[in-house]
Amino acid sequence: MNNLSNRTKGILFLVFSAFGFAVMSAFVKLAGDLPSFQKTFFRNLVSCIVALFFIIKNKESFFGKKENQKVLLLRSALGTVGIVLNFYSIDKLVLSDANMLNKLSPFFVIIFSALFLSEKINFKQFIAIIIAFVGTLFIIKPSFNLDMIPAFMGILGAIFAAGAYTCLRVLGGREKHYTIVFYFSLFSLVVIFPFMMAVYTPMSIKQFFYLLMAGLFASIGQFGITIAYKYAPAKEISIFDYSNILFSAMISFLVFGVLPDTLSFIGYFIIFASSYYMYIYNQKLDKAEGK
């Protein structure tokens, strides 16, 4: 590992993270017909415990600095809603379709960064966003009836996730990543608990085990992506996060015996091509700016 370049290390950790999130999604789906609030609670319970362990081990802050509280709260609120919506779409859609819709969040980050952080959107970024939206239409296959609700929830989940990621950009190096994960997980547990109790459904031991495993692999994904971006900038390696879709499609076939249809595959290709274009464009931009 020490012989690898930082970029290669970043790529490996990001692919490892993508695998973690793909397995998390599979366990969420395997848990069966349980309320999304219930699934979110147990998913974040494990993440909270894992983050707490690292905070105590490294003697870091539990709740962060006073001046960062508003952003930490906003990040936690947006992230919580995003997870609930994402879990709902995972339950109702083909696994890789749900995860592909969730991967639209980087495009929404560009939009939110322009709206709230005064980062300009240039023409090429705008075109990439439009193309990615066209790709989603192939996955959603608009029918303008109730069948569209899970896909619409998946897109909403990506929008809320993008809002949370935009808050992370604001936080930057102001807070340790263990603190951010713990704050978000604990906030989610407190907020979700009354909703979970209102719709609580008794679980079998197997379902409980699946939710705990979902939380464990979510933690692997969360910390994997955090470590990845310590080694290399997002612009250089973020394209490899789309390996999540490959893992999801394989798991969907092997575990659930389901493959995406042809239109979904076309949608994947369009969104991936748009993302790859942005990856290449960002690399050229960095070289032009001497970075």
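## Two buried cysteines

Cys167 is buried in this predicted model, with a relative accessible area of 6%. Cys48 is also counted as buried, and its relative accessibility comes to 8%.

Why do these cysteines form no bond with each other? The sulfur of Cys167 has its closest cysteine sulfur in Cys48, 19 Å away, which is too far for a bond. The same holds when one starts from the other end, because the closest cysteine sulfur to that of Cys48 lies 19 Å off, in Cys167. A disulfide would need the two sulfur atoms to be within 2.5 Å, and a search of the whole structure accordingly finds 0 disulfides.

## Helix H5

Helix H5 covers residues 105–116, a run of 12 residues, and from its first C-alpha to its last it reaches 16 Å, close to the 16 Å expected at 1.5 Å a residue. Several of its residues are buried, namely Ser105, Phe107, Val109, Ile110, Phe112 and Ser113. In an α-helix there are 3.6 residues a turn, so residues three or four places apart point the same way. After H5 comes Ser118, which has a positive phi, near 60°.

## Confidence in the model

For the protein, the mean pLDDT is 84, and 94% of the residues reach 70 or more. Where is confidence lowest, and where is it highest? The lowest value belongs to helix H10, residues 234–237, with a mean of 64, whereas the highest belongs to helix H8, residues 177–198, at 91.

Key. Residues are numbered from 1 along each chain as its sequence is written. This is a predicted model: local features need pLDDT of at least 70, side-chain atom pairs count only at pLDDT 80 or more; totals for chains, interfaces and linings use all residues. Side-chain values use heavy atoms; hydrogens and water are left out. Buried means under 20% relative accessible area, exposed over 50%, partly exposed in between (1.4 Å probe, protein chains only). Helices (H or I, at least four residues) and strands (E, at least two) are DSSP runs, numbered from the N terminus. The expected span of a helix is 1.5 Å times one less than its number of residues. pLDDT is the predictor's confidence in each residue, from 0 to 100.
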